[in-house]
Structures are given as C-alpha cells and as structure tokens.
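Thanks, everyone; I would like to use these few minutes to talk through one model, with the charged side chains as the way in. Please have the structure open while I speak.

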Amino acid sequence: MLVTYSTSHGTFELDSAKETLNRQKHGIGFALATEAFADNQGVYRLDTQHSIEEEQLQLIGKVGGVVILLVVFTEREVTRIISGRKATKQEKNVYAEAHR
C-alpha cells in the first residue's frame, strides 16, 4: 500500500510493504530515511546500477548530525523512497570527501 508522508523537508511516497522488508533487512524505517533530506550538505548521485526502467537517485546524508544513511529514491510528483540503510565505509568517505 502506498502512503504519502509529508515533512518540513518534502513530501514522500512510501510503499508500506517495502518499508517492512527494508526495516527487517537494514533496520531503517522510511520515516527515518526521509530525515536525510534535511541534510543540506547531503551528497546526491545517480544510481546507475538500478536506473533501468526509471532514474533512481541516491542520497548520502546525515540524520541527527551523526548517523549517515544511503537513501535510494525516485522523483515523481513526489519523492518515492525505495530503500534506506546505514552508509557503508566507502559511502561515508564519499560524504566526507565532498565536504573537505
């Protein structure tokens, strides 16, 4: 079931079944993942590996100033969250390098 979720940093579309699977696999709910969009220094990049049927983007951003997440999303009429997880060491390095 698709759910629309609005915050001060955007309107997001979430698939509740996919969120349940994401939470089980990565321990991250989509509501938390949307908080990465509040990071005005977040790093955006094209997800070339998964942009087959539609363009998917990645955001590497901080939540609460400390937790760095990787959020995969698409831009439609609203931002649709596809997945969210803690960033890998390599992704954290990408974030750090962008802010040197």
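In this predicted model, Glu 13, Asp 15, Glu 54, Arg 76 and Arg 80 are linked in a network of salt bridges. Within that network, Arg 76 pairs with Glu 54, with their closest N and O atoms 2.8 Å apart; because Arg 76 lies in the loop between strand 5 and strand 6, and Glu 54 in the loop between strand 3 and strand 4, the pair ties together parts that are 22 residues apart in sequence. Arg 76 counts as partly exposed, at 41% relative accessibility, and Glu 54 is likewise partly exposed, at 31%.

Asp 15, which belongs to the network, also has a side-chain oxygen within 3.0 Å of the backbone nitrogen of Ala 17, at the start of helix 1. Inside helix 1, Glu 19 and Arg 23, four residues apart, form a salt bridge at 3.4 Å, N to O, and here Glu 19 is buried at 16% relative accessibility, whereas Arg 23 is partly exposed at 47%.

Another salt bridge joins Glu 91 to Arg 45, at 3.9 Å between the closest N and O atoms, and this pair links distant parts of the chain, with Glu 91 in helix 3 and Arg 45 in strand 3, 46 residues apart.

Strand 3, in turn, runs antiparallel to strand 4, with four bridges joining them, while seven bridges join strand 4 to strand 5, again antiparallel. What, then, is the setting of strand 4? Six of its seven residues are buried, so strand 4 is largely enclosed by the rest of the structure.

Note on methods: Residues numbered from 1 in each chain as written. Predicted model: local features only at pLDDT ≥ 70, side-chain atom pairs only at ≥ 80, totals over all residues. Heavy atoms only, no water. Polar contact = N/O pair within 3.5 Å; in protein donor to acceptor, adjacent residues only side chain to side chain. Helix = DSSP H or I, 4+ residues; strand = E, 2+ residues; numbered from the N terminus. Buried < 20%, exposed > 50% of the residue type's maximum accessible area, 1.4 Å probe, protein only. Pairing = 2+ DSSP bridges. Salt bridge = Lys/Arg side-chain N within 4 Å of Asp/Glu carboxyl O.
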